[in-house]
Amino acid sequence: MLISFIVSYLGFALLSLSKERHFQQVWPGRKLTPILIRELKVCGWLLLGTSLSHLIQAPKISIGITHLFGIWTFAALLIVMQLTYGASSIVGVRIFSRVFLNRHN
Amino acid sequence: MKNGFRQSMAWLHTWTGLVVGWILFFVFMLGNLGRFDTEIDQWMRPELPIETASLSQSIQAAQQRLQTQASQAETWTIWPATNRDYPNLRIRWEGALNAEGNRKRTDETLDAATAQPVIARETGGGQLLYKMHYALHYIPRGVSDWLIGICSFFMLVAIVSGVITHKKIFADFFTFRPSKGQRSWMDLHVVLATLTLPFFLMITYSGLVFFVFTLFPQVLSAGYGSEKHARETFNNELNALTFIEERSGTPASLTNLSGLIDTVQSRWGADQIRLIEVTNPNDSSARVRVLHLLDSSSRSSQELTFDGVSGHLLDESNGESTSARGFYDHILGLHRGLFGDLTLRWLYFFSGVIGAIIIGSGLVLWVVKRRPKQLKQNKPDFGHRLVEGLNVGTIAGLPIAIAAYFWANRLVPVELTGRQNWEVNSLFVVWLLALMYPLIRPINRAWIEEFWLVSAAFLLLPLVNALTTERNFIHSIATQDSVFLSMDIAALITGVLFAITATNLSRRQQAATGQATVSAKGKRKDINTLNPVEAA
């Protein structure tokens with residue numbers, strides 16, 4: 001459950017970064033190119049897809065689905081709070097900047 | 001009604017949300033506390049011992065008590081302490097159907113060591129808080145079912161119309177902009193509603209399904225007529241209890257129930273029993289059903305049926321049934337969430353808290369939007385004042401009332417007859433006072449003062465508990481009493497959160513009045529920030 005939470009959290013982080021407003025909150029002054037948007041979105045959705053693996057390990061699929069909706073809600077909520085009150089505190093930002101920004105600039 | 005589809009939906013969202021908003025807030029708050037009804041029950045009956053008896057000892061004690069008290073009852077039910085929702089051994093017996101189509105039920109909590117009822121204060125406990133979220137109080141079920149049913153319908157309409165009204169679901173998915181007045185309230189309302197939409201939709205829809213036979217009586221009367229027994233006949237068929245027979249009238253002594261445990265445990269493993277139900281005890285047609293703990297989102301689970309006289313296993317069911325009933329069971333099971341472990345319960349709880357915040361922020365938004373226009377008039381409209389007052393009295397007042405319920409549990413004398421009613425009365429009296437308080441105070445002062453009251457009431461609760469029971473904070477740590485410890489901590493956290501809210505509000509209000517005097521009148525948007533709540 002914790003792993004699915006972390007994976008969905010990172011997924012939501014990438015998806016939020018694909019929006020101009022939040023991209024500027026995290027990396028002020030950097031340029032969000034269309035290619036970068038696509039990369040962020042694809043990776044974000046892939047991570048969210050990975051969090052579905054929780055369904056396999058849950059005792060029953062109905063319980064897994066219930067968990068997963070809760071996990072997604074609170075993972076995304078955490079991102080919202082961090083974007084608002086301190087975007088640099090988002091876990092993984094440094095790695096993201098190495099992976100996504102350096103190649104383009 | 002406005003022109004254009006989206007405008008119409010916005011109108012619909014505003015008004016369906018407003019008229020039932022306060023009741024929905026109540027429903028959400030109490031339903032939420034119901035996620036921990038068992039823990040609250042334990043806290044509200046501090047005399048109850050912590051159950052230590054073994055399963056077979058408990059079942060033996062239950063059978064002994066039921067045999068002496070209700071040997072001729074129609075059904076017995078035994079909830080051993082392995083059931084998470086009843087941490088102490090509990091029994092119930094039901095008599096035959098009376099003229100009104102009801103059965104007389106008696107419930108007891110037993111001490112497994114002595115097979116005697118435990119003596120604990122009379123209280124509605126967490127169960128009553130939970131019950132009020134769907135049955136309200138002081139009014140008959142026939143009325144409350146309709147009231148809550150209609151409110152839930154409004155809620156469903158508000159959710160759907162809200163989703164249609166909200167243009168930028170994906171663009172603003174992660175966006176919250178604080179300290180911008182109306183904009184911030186809108187962001188808060190929208191971002192929380194988007195993130196918890198699956199939960200919100202599920203809880204409202206499934207809540208409505210509970211009332212399906214009230215709101216659509218035709219479903220039942222089409223096949224079963226409209227007599228008083230119709231509901232029970234229907235339920236019996238629905239539950240397809242094929243092994244349950246009519247009472248034969250031939251007396252036969254009931255098998256030793258604890259003797260069945262071996263068979264049960266060889267199939268399910270240790271401590272997996274949710275409840276044991278005996279129909280027609282002491283009759284040759286006696287049957288014993290043993291139900292497994294809930295282990296999926298369905299509200300039904302595996303069960304074993306035994307012959308009550310010989311003790312032979314008659315049937316083994318995996319709890320699955322027709323797709324229609326399966327759907328019904330899963331929808332209701334999802335709403336209750338009883339299958340969940342502690343993590344899931346907390347997820348449910350926090351989702352519900354967010355639900356209450358969504359409703360509350362929606363109610364506040366209604367006022368914030370109309371406030372500038374109202375301030376230009378000499379005197380605000382009655383409707384505007386009413387909504388403002390109800391908002392304060394409900395959003396801040398209801399938490400005070402809930403705290404009063406807990407206080408009453410500790411302060412109303414244990415010997416007083418009917419003390420259970422006094423606990424409930426104190427909840428509603430305090431709520432009524434909180435609703436009237438904005439009449440005598442300026443609205444922004446009323447907000448701050450009521451928030452301080454909530455804070456004080458919850459911060460002092462652990463102290464009240466320590467003074468009136470022996471299970472104080474230190475005792476809880478020493479004995480690793482997680483329920484009492486959690487209640488104390490939860491009360492403190494609630495108190496601190498409301499204190500922070502109150503401080504923020506008064507700081508904003510001071511800033512706003514300061515600005516207003518400096519910058520003369522209406523130069524900036526001060527008029528908007530005069531009400532501190534609106535500037536948050």
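The quantity pLDDT expresses the predictor's confidence in each residue on a scale from 0 to 100, and since the structure shown here is a predicted model, that quantity is a sensible place to begin. In chain B the mean pLDDT is 88, with 94% of the residues reaching 70 or more, while for the model the scores are ipTM 0.91 and pTM 0.88. One stretch of chain B calls for caution, namely residues 520-536, over which pLDDT stays under 50 and for which the model has 37 contacts beyond four places in sequence. Where pLDDT is low, the predicted coordinates should not be read in detail.

Turning to chain A, the secondary structure consists of six helices and zero strands, so that a reading along the sequence gives the pattern α-α-α-α-α-α. The C-alpha trace of chain A spans about 45 × 25 × 20 Å along its principal axes, and of the 105 residues in this chain 34% are buried. When contacts in chain A between residues at least 6 apart in sequence are considered, 71% of them join residues at least 24 apart.

Chain B, by contrast in topic, offers a set of paired strands that can be followed from strand 5, residues 273-279. Strand 5 of chain B runs antiparallel to strand 1, residues 75-79, to which four bridges join it, and within this pairing B:Thr75 has B:Thr279 as its bridge partner. Strand 5 is also joined by six bridges to strand 6, residues 287-292, again in an antiparallel arrangement, where B:Leu275 is partnered by B:Leu291. Because six of its seven residues are buried, strand 5 of chain B is largely enclosed by the rest of the structure.

Conventions
Residues numbered from 1 in each chain as written. Chains lettered and ligands numbered in written order. Predicted model: local features only at pLDDT ≥ 70, side-chain atom pairs only at ≥ 80, totals over all residues. Contact = placed C-beta atoms within 7 Å. Helix = DSSP H or I, 4+ residues; strand = E, 2+ residues; numbered from the N terminus. Buried ≥ 20, exposed ≤ 12 C-beta atoms within 10 Å, placed from the backbone. Pairing = 2+ DSSP bridges.
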